[in-house]
Number of protein chains: 2
Amino acid sequence: MTIDKNTNILIIGLGIIGGSYAKGFSKQGYNISAIDKDEATIKYALKNEIVSKATTEVDAKLIGQADLIIFALYPHIFKEWIKENQKLFKTGAIITDVTGVKGCIVEDVQYILREDCEYIAAHPMAGSEKLGIYYANEEIFHQANYIVVPTEKNTPEAIDVCKQVGKILGFARISQLSPYEHDEMIGFVSQLTHCIAMTLMTCNDTEDLQDYTGDSFRDLTRIARIDETMWSELFLLNKDALLHQMKLFTMEFAKLERMLMEADKNGIKEMMRHSTARRKLFDKE
Amino acid sequence: MTIDKNTNILIIGLGIIGGSYAKGFSKQGYNISAIDKDEATIKYALKNEIVSKATTEVDAKLIGQADLIIFALYPHIFKEWIKENQKLFKTGAIITDVTGVKGCIVEDVQYILREDCEYIAAHPMAGSEKLGIYYANEEIFHQANYIVVPTEKNTPEAIDVCKQVGKILGFARISQLSPYEHDEMIGFVSQLTHCIAMTLMTCNDTEDLQDYTGDSFRDLTRIARIDETMWSELFLLNKDALLHQMKLFTMEFAKLERMLMEADKNGIKEMMRHSTARRKLFDKE
């Protein structure tokens with residue numbers, strides 16, 4: 001399947017990510033319909049031509065026409081939705097998603113899904129601390145990574161369709177990981193960073209902090225504004241990988257603490273040089 | 001003293017901060033001279049009209065004319081410089097600085113300084129991971145905080161001159177703390193954040209990380225590119241305050257770890273709500 005202007009694309013869930021997907025596709029003339037349970041979201045999406053058709057109902061016709069269905073829901077709702085409504089899917093429909101953890105989801109969904117449809121998991125590594133379609137902005141994808149997360153059950157064709165989604169939306173880099181690799185990686189680069197930001201924001205009671213903070217503190221706590229419903233769920237779904245990453249971080253942090261106690265200036269400098277060298281690899285410029 | 005176009009301002013050390021000070025003053029027509037031991041730096045500063053006079057020498061005339069001397073050196077060099085060259089200061093000269101720790105510096109310098117001059121400490125909370133005058137940019141101050149750090153030895157007049165510097169350079173907020181308060185605050189908002197960023201950058205050996213990172217990881221590690229000479233010195237000069245802040249962070253982080261192990265979703269959500277509420281206070285918009 002090649003995604004083109006005749007492909008019926010259905011997005012389930014028009015939050016910040018689903019909404020940004022819809023904008024990105026629609027601006028390029030793709031045919032996007034959507035389902036979201038929130039009436040105001042649907043009105044906004046239609047009025048602003050982010051989607052061509054949209055409804056708050058589980059609309060059998062809309063679903064039955066879809067060649068590609070993209071789920072942008074909280075993880076537990078995603079699974080429930082599939083169970084209840086997969087009878088409406090068209091034969092041959094490709095299902096994908098944007099869920100931030102994979103290990104506990106991909107195999108389950110592939111297991112429950114009808115045999116004449118295929119689910120191929122994806123994770124667009126972009127987001128915003130602001131929620132809802134009102135902040136949807138397809139540009140958040142343009143510097144971001146898009147990870148396709150297949151299992152051995154997936155066909156090359158579905159993997160290709162999933163990569164097409166990433167290409168159309170203009171992600172800077174498209175890569176592929178197994179669910180296990182994905183979850184370890186995410187535990188480190190995304191979940192651990194959120195744990196750190198939250199901790200930094202809550203570990204010190206000093207008032208009027210904002211009078212004294214520099215950019216460092218602002219940068220390290222930007223993601224401390226966090227959607228507790230989604231992230232508490234993501235953390236617990238990826239508990240083992242996240243705890244492992246927290247342990248690695250804690251051990252390294254304790255090493256630095258010891259060097260400080262012992263006034264080991266050379267050791268501290270060496271760690272700083274290592275840190276600087278690794279960080280240089282990340283600079284976009 | 002009111003700083004005006006006739007005030008002779010001398011900056012010692014034209015690195016990223018000294019250079020940005022010089023640019024900020026010069027662009028507004030103030031009379032800036034500078035001393036820096038690096039020949040190329042001096043040439044660049046003169047050629048680009050960042051300063052009107054500059055030299056690599058400890059120039060008795062330049063120093064003797066200065067009404068206001070701003071030190072932008074590594075902490076240990078700052079103290080040595082004062083000891084060796086204060087005989088050249090003009091009577092009544094006001095000395096200030098940009099040093100990132102205060103407790104171990106302010107009282108020492110005030111103690112060794114000639115009685116007919118006055119040292120009033122300041123900390124501009126801005127910086128860059130790039131070093132040298134070539135990256136000097138006075139705009140880094142415009143969203144930043146400027147902290148004046150007086151002791152009981154300081155006169156209201158010198159405190160006022162120090163605040164004038166902050167105003168002229170266009171800092172967003174000018175506040176005042178004692179050396180002890182300053183160092184605790186800095187231990188938290190600046191040094192702890194650098195410890196975290198370094199740790200995050202070195203705790204996991206995964207290669208090709210840059211293929212998978214989102215903005216969160218980039219944000220939390222921006223300051224992991226760190227000048228090891230300056231920061232190892234700053235850390236050790238503020239060792240007790242920093243170790244205290246590291247302990248507070250570690251305890252809170254361990255609390256989150258425990259909640260995860262116990263799958264205490266409500267506890268995690270509560271911490272996320274607390275974090276979100278506190279972080280909202282920081283948003284510039």
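Here are three short exercises on this predicted model, each with a worked solution.

**Exercise 1.** Work out which residues of helix 11 of chain A are buried, and what covers them.

*Solution.* Start with the helix itself: residues 265-280 of chain A, 16 residues, reaching 22 Å from first C-alpha to last, close to the 22 Å expected. Next, pick out the buried residues of helix 11 of chain A: A:Ile268, A:Met271, A:Met272, A:Ser275, A:Arg278 and A:Arg279. They sit on the same side of the helix, because they cover an arc of only 130° around the axis. Now flip to the face turned away from that buried side, and you'll find the exposed A:Asn266, A:Arg273 and A:Lys280. Finally, the cover over the buried residues includes helix 10 of chain A, plus helix 7, helix 8 and helix 9 of chain B.

**Exercise 2.** Describe the side of chain A that touches chain B.

*Solution.* Count first: the contact takes 74 residues from chain A and 74 residues from chain B. Then look for the top contributor on the chain A side, which is helix 7 of chain A with 14 residues. Sorting that side by class gives 39 nonpolar, 19 polar and 16 charged residues.

**Exercise 3.** Place strand 2 of chain A among its neighbours.

*Solution.* On one hand, strand 2 runs parallel to strand 1 of chain A, joined by five bridges, with A:Ile12 opposite A:Ile35. On the other, three bridges pair strand 2 with strand 3 of chain A, again parallel, and A:Ile35 stands opposite A:Thr55. Now add the helices: strand 1, helix 1 and strand 2 of chain A make a right-handed β-α-β unit, and strand 2, helix 2 and strand 3 of chain A make a right-handed one too. Last step: four of the five residues of strand 2 of chain A are buried, so the strand is largely enclosed by the rest of the structure.

Terms used: Residues numbered from 1 in each chain as written. Chains lettered and ligands numbered in written order. Predicted model: local features only at pLDDT ≥ 70, side-chain atom pairs only at ≥ 80, totals over all residues. Helix = DSSP H or I, 4+ residues; strand = E, 2+ residues; numbered from the N terminus. Expected span 1.5 Å × (residues − 1). Buried ≥ 20, exposed ≤ 12 C-beta atoms within 10 Å, placed from the backbone. Arc of directions from axis to C-beta. Contact = placed C-beta atoms within 7 Å. Nonpolar A, V, L, I, M, F, W, Y, C, P; charged D, E, K, R; others polar. Pairing = 2+ DSSP bridges. Right-handed = clockwise from strand over helix to strand, strands pointing away.
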